[in-house]
Amino acid sequence: MRLFRADRLLSALFLFTSLSSAWPWPPSVQDFDALIHRRQDKESSSDTSPAETARPSPTPTDDAAPTAAPTKGAATKSAGSTKATKGGTSKTSNAATKTSSVDARLPPGGVNMITPSALAQTSYYKVGDYVTFAWNYTSLSIQPSKIDVFVSCQANSATYTISNNASFEPTGNVVWDTKPEASGTAPLLTETYTLIIHDASKEVTSIPQAGHLGSYNQFQFGMYTPQPYTPLSGWECATCSGALSTTDQQALKFMLGMCMITVLSFTWFAGGFDALF
């Protein structure tokens, strides 16, 4: 039994030796690296080639262009400005440019009249007097630098300048000299006028923007020219007269005619019944 087992072991050993000698093994031990791959760590980079690792780093030479050193007092301004200091070091400031933005949902800026009051009835001014206008602003987020104030009349299509390129004030105030020689334009008529206040940097017809001052033209007032002085001795009333007017005379004739017709009709009607005899 033991002999049979030894026999089988020798046969298996002989078979393994024959297969091992017939297998195409590499000619040298160094060629085993092509068959067996080594383990690589995850932290190591696989992109670096042997040629790159073996490449020598360039060394500085005397031919290299020198770097310009900052001079004393030189400064560069930008969104984050860099300033050169005395020792050659740079100092960077992170100051950002201030920009103002207005919510598009806000209403345009307006004007609220103070003198005369917006709640008062229509105001009338005599040509030749001084007229004062005062106002304040509402819903104004962006203040204009200059303001134009003038008056327009639709009857003669004339414009009368009161103030041109006036500095902006929270409460506006102008005085208008309505003397003909002071206005220097078309003579003032007995008509209705419109006060216009707007930003001097924009056109009167510009579309108002949110938070910006729009053209204000809501206040109207009247101007009148007084009649020249007439002495009492030479004054005559055009509508005053002792005689009846034509309308009054026609009304009186109509009443008398109706009375006569009524009397004659009653007499004829009563005579038919012998009421009068």
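## Overall layout

Four helices and eleven strands make up the secondary structure of this protein. The model is a predicted one, so a word on confidence comes before the details. The pLDDT averages 75 over the protein, and 63% of the residues score at least 70. Over residues 44–54 the pLDDT is below 50, and this stretch has two contacts in the model beyond near neighbours in sequence. The pLDDT is also below 50 over residues 59–99, a stretch with 28 such contacts.

Among the elements, strand S10 (residues 192–199) has the highest mean pLDDT, at 96. The lowest mean pLDDT belongs to strand S1 (residues 75–76), at 39. Of the 277 residues in the protein, 18% are buried. Contacts between residues at least 6 apart in sequence can also be sorted by their span: 63% of them join residues at least 24 apart.

## The cavity

Now to the empty space inside the model. A search of the whole structure turns up one cavity of 30 Å³ or more. The largest cavity holds about 70 Å³ of space.

Part of its lining comes from His198, Asp199, Lys202 and Glu203. Ser206, Ile207, Pro208 and Gln209 also line the cavity, as do Leu213, Gly214 and Ser215. Sorted by class, the lining has three nonpolar, five polar and three charged residues.

## His198 and Asp148

His198 is a good residue to click on, and it is one of those lining the largest cavity. His198 sits in strand S10, the element with the highest mean pLDDT. Its relative accessibility is 4%, under the 20% cut-off, so His198 counts as buried. Setting aside neighbours within four places in sequence, His198 is in contact with Lys146, Ile147, Asp148 and Phe150. Its other contacts are Glu203, Val204, Leu213, Gly214 and Ser215. Among these partners, Glu203, Leu213, Gly214 and Ser215 also appear in the cavity lining.

Asp148, one of the contacts of His198, is found in strand S7. Asp148 counts as buried because its relative accessibility is 11%. Not counting residues up to four places away in sequence, Asp148 touches Ser163, Asn164 and Asn165, along with Ile196, Ile197, His198 and Ala200. From Asp148 to Ser167 the C-alpha to C-alpha distance is 9.2 Å, and the two are 19 residues apart in sequence.

## Loops and backbone details

Several loops hold backbone features that are easy to find in the viewer. The peptide bond from Thr115 to Pro116 is cis, with omega near -10°. Pro116 belongs to the loop between strand S4 (110–115) and strand S5 (124–126). Ser139 has a phi near 55°, a positive value in a residue other than glycine. Ser139 is placed in the loop between strand S6 (130–138) and strand S7 (146–153). With a relative accessible area of 43%, Ser139 is partly exposed.

The loop between S7 and strand S8 (158–167) is where Ser157 lies. Phi of Ser157 is near 50°, again positive in a residue other than glycine. Ser157 counts as exposed because its relative accessibility is 68%, over the 50% cut-off. Gln154 is found in the loop between S7 and S8 as well. Gln154 is exposed, with a relative accessible area of 74%. Gln154 and Thr192 are 38 residues apart in sequence, and their C-alpha atoms are 8.0 Å apart in space.

## Cysteines

If you are planning to look at the cysteines, here is what the model shows. A disulfide is a covalent bond between the sulfur atoms of two cysteines. With a cut-off of 2.5 Å between sulfur atoms, the count of disulfides comes to zero.

Is Cys153 buried or exposed? At 3% relative accessibility, Cys153 counts as buried. Cys259, by contrast, counts as partly exposed, with a relative accessibility of 49%.

Notes:
Residues numbered from 1 in each chain as written. Predicted model: local features only at pLDDT ≥ 70, side-chain atom pairs only at ≥ 80, totals over all residues. Heavy atoms only, no water. 1 Å grid on protein atoms, 1.4 Å probe; cavity = no way out; pocket = protein on both sides within 12 Å on 5 of 7 lines; lining within 4 Å. Points joined across faces, edges and corners; volume = space filled by probe spheres on them. Nonpolar A, V, L, I, M, F, W, Y, C, P; charged D, E, K, R; others polar. Buried < 20%, exposed > 50% of the residue type's maximum accessible area, 1.4 Å probe, protein only. pLDDT = per-residue confidence, 0-100. Helix = DSSP H or I, 4+ residues; strand = E, 2+ residues; numbered from the N terminus. Contact = heavy atoms within 4.5 Å.
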